[in-house]
Amino acid sequence: MTTIGQSFANRYDSALTQLCGLDVDSGIRPFRMTPIICTIGPSCENIKIIAEMIEVGMNICRLNMAHGTFEYHSQLIKNVREAMSQTHSPSPVAIAVELGGQGVRCGCFLPELGEEVKFKKGDVVILTNEKELQDKCDRSVLYINSQYYLNLAKIGHKIWVGDGLLSFVVKEKLNHGKLRAEVDTEGEISNLDHCIIPRVPPAPTCCLTDYDKECIKFALAHNVDMIFASWVWSESIIKEIRSMLGDKGAKMKIIANIENYMGVKNFNEIVEAADGVMVARGDLGMDLPPEKVFLAQKNMIGRANVAGKPVICAAQMLDSMVKNPRPTRAEAGDVANAILDGADCIMLSRETAAGRYPVLALKYACAIAREAEMAVHHDRVYRQLRASTPLPVDSTHCTAISAVEASIRCQASAIIVVTNSGRSAGVVARYRPPCLIVAVTKSQHTVKLLHLHRGIYPVLHDAASCGEWIDDIDFRINHALIICKRRGYVKAGDYCILVTGSMEGPGWTNTVRTISVPDQDTLTQKYVNLVNQTHLNQVIDHKES
Ligand SMILES: Nc1ncnc2c1ncn2[C@@H]1O[C@H](COP(=O)(O)OP(=O)(O)OP(=O)(O)O)[C@@H](O)[C@H]1O
Ligand SMILES: CC(=O)C(=O)O
């Protein structure tokens, strides 16, 4: 008989014995715990493809403001919202705006050269900040958008370009701040590729650029859910963003993209200030040598887990799928290992934005995630995370720990959390229970924010309140149970853990109950007149992986 998941291996506490027990014949569960972020760009910009991606399982759409105009991104947001209204997912996808940040980029090539140009070892190129050459780069002249950076470059310095596939060596400092450089590692340069001199931050201080400020205004005007802040190497920029967001954007989450050595070094202060972090391996892999990137990845994921903040692993996850319909074994292993390391979310960049197979890349990311998360030894991870939490914990933590402990003891199929702000569900997720956390909320915004956390299935229940507060809680739990039962996430007779408050209002989450899932009729009967059955059926029928 096929075993679902790696429950056999996960009976063993020793890491080695667990590994020896992993089973390639294991079956998969009907749900996925790892949210997937997809960058939206030319390859997936139309409503039909976005809707397909929502059906397949995209949780967060990322708009990278370093590429495309405000008009283009405005249209993308419209398309995402239209696609969302065409699907009937109980978990509407979130939209994240990524600020361009202070990263140094090259210009664009003359149209006749195409968007990617090959350079050979020994090719000589003049690096310049002359604005008029911004869109007129060629094989001999490359525009670099920062004179500060060109001034800092010393003879003999290496400058890495793109994701670090090509490097120049600086040979001579010329008049007017230009550099004569020679290609050292041959490869391709694409329009707007990043340029990095290892260990040299792109600016004297880590702060918002004028363009970033315009992007924040854009994010506010379009009421998006989160900001991904590029090139964060100090907490000060997070504070700057928060102050710009003000009251209007107080609920927007700010994710700090760690893309350089200084960001890794200042990680503790950054993770404290931000709502989450991104291990942005693309640029990080130029500031650090490639053989050090896995150390930074594991270190930052571990520290984010201890801090209880969501962490995204990004860049080159399924890179070969930009051109091919199947990932390499190494890439599939890389996605799985990021999940085993403890990443909350996996992000696809070029694969979905500019690749040939955006939907297929997403399907592979979902499939790999589902296998990998079953191989996580949740019990051990939970014990380690619990031990790392300083005592005494507050009431929400105490309740979350009790719920996770209970879910492990009774092998529950789900922990159902009734939440308004999402905080209590986020705290349960930080202790990594082995089962799904079903977060039921009235707030569409909360649903979207909860997509940042591993293990949470956020369910929107925006039906009118039903009488007394306590009945209303029961109504919402029932709604979540109906959806989970119909989707096969729980079945009659399974244990579920319920996490609620004893009073209405934030900060009151303090109650853990264990229930055995009743059969469907007793569930629906009481509230049958309160829900729009057509809508409920559409929601239930919505399939996602
Ligand atoms: N809105 C867009 N319009 C055009 N191309 C895009 C867009 N978004 C992404 N791309 C393409 O997809 C590639 C990968 O996207 P990604 O978001 O990783 O950007 P990047 O510039 O490579 O790096 P970073 O993630 O550090 O900003 C980009 O280099 C670009 O070619
Ligand atoms: C995602 C990103 O910005 C990077 O990997 O560099």
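In which helix does K213 lie? In this predicted model, K213 belongs to helix α5, which spans residues 210-221. With a relative accessibility of 31%, K213 counts as partly exposed, because that value falls between the 20% limit for buried residues and the 50% limit for exposed ones. Along the chain, K213 and D138 are 75 residues apart, and 31 Å separates their C-alpha atoms.

A second pair of positions can be described in the same manner. S402 is found in helix α15, and its relative accessible area of 36% makes S402 partly exposed. S402 and A361 are 41 residues apart in the chain, with their C-alpha atoms separated by 38 Å.

N305 offers a contrasting environment. The residue sits in helix α10, which covers residues 290-307, and it is buried, since its relative accessible area is 13% and the limit for that label is under 20%. The side chain of N305 nevertheless has a polar partner: one of its polar atoms lies 3.2 Å from the backbone oxygen of G342.

The ligands come next, beginning with ligand 1. Which residues come nearest to ligand 1? Of the 15 residues around it, these are R62, N64, H67, R105 and D283. Three of the side chains can be described through their polar contacts with oxygen atoms of the ligand. For R62, a polar side-chain atom is 2.8 Å from an oxygen atom of ligand 1. The corresponding distance for H67 is 2.7 Å, again from a polar side-chain atom to an oxygen atom of ligand 1. R105 likewise places a polar side-chain atom 2.8 Å from an oxygen atom of ligand 1. Taken alone, ligand 1 exposes 580 Å², and the protein buries 82% of that area.

The space that ligand 1 takes up is the largest pocket. Three elements give two or more residues to the shell around ligand 1, namely strand β2 (60-64), helix α3 (70-86) and helix α12 (350-353). By residue class, the shell around ligand 1 divides into four nonpolar, six polar and five charged residues.

Ligand 2 also sits in the largest pocket. Its surroundings consist of R62, E98, E259, M278, A280, R281, G282, D283, A315 and M347. R62 and D283 therefore appear around both ligands, being listed for ligand 2 and among the residues that come nearest to ligand 1, where a heavy atom within 4 Å is what places a residue in such a list.

For ligand 2, the polar contacts described here involve the backbone. A backbone N or O atom of G282 lies 2.8 Å from an oxygen atom of ligand 2. A polar backbone atom of D283 is 2.9 Å from an oxygen atom of the ligand, and for R281 the distance from a polar backbone atom to an oxygen atom of ligand 2 is 3.4 Å. On its own, ligand 2 has 210 Å² of accessible area, of which the protein covers 89%.

Which element supplies the largest share of the shell around ligand 2? That element is helix α9, with three residues. Strand β14 (276-280) and helix α9 (281-287) each supply at least two residues of this shell. Sorted by class, the shell around ligand 2 contains four nonpolar residues, one polar residue and five charged residues.

Finally, some backbone geometry deserves a look. Most residues other than glycine have a negative phi, and most peptide bonds are trans. Against that background, H176 has a positive phi of about 60 degrees although it is not a glycine. H176 lies in the loop between strands β8 (166-173) and β9 (179-185). Is H176 buried or exposed? Its relative accessibility is 71%, so H176 counts as exposed.

Q316, also not a glycine, has a positive phi of about 55 degrees. The loop that holds Q316 runs between strand β15 (311-314) and helix α11 (329-341), and a relative accessibility of 36% makes Q316 partly exposed.

Where does a cis peptide bond occur? Such a bond joins L391 and P392, with an omega of about -5 degrees. P392 is placed in the loop between helices α14 (378-388) and α15 (395-409); helix α15 is also where S402 is found.

Terms used: Residues numbered from 1 in each chain as written. Chains lettered and ligands numbered in written order. Predicted model: local features only at pLDDT ≥ 70, side-chain atom pairs only at ≥ 80, totals over all residues. Heavy atoms only, no water. Helix = DSSP H or I, 4+ residues; strand = E, 2+ residues; numbered from the N terminus. Buried < 20%, exposed > 50% of the residue type's maximum accessible area, 1.4 Å probe, protein only. Polar contact = N/O pair within 3.5 Å; in protein donor to acceptor, adjacent residues only side chain to side chain. Areas by Shrake-Rupley, 256 points an atom, 1.4 Å probe, with all protein chains shown as cover. 1 Å grid on protein atoms, 1.4 Å probe; cavity = no way out; pocket = protein on both sides within 12 Å on 5 of 7 lines; lining within 4 Å. Sits in = over half its atoms within 2 Å of the grid points. Nonpolar A, V, L, I, M, F, W, Y, C, P; charged D, E, K, R; others polar.
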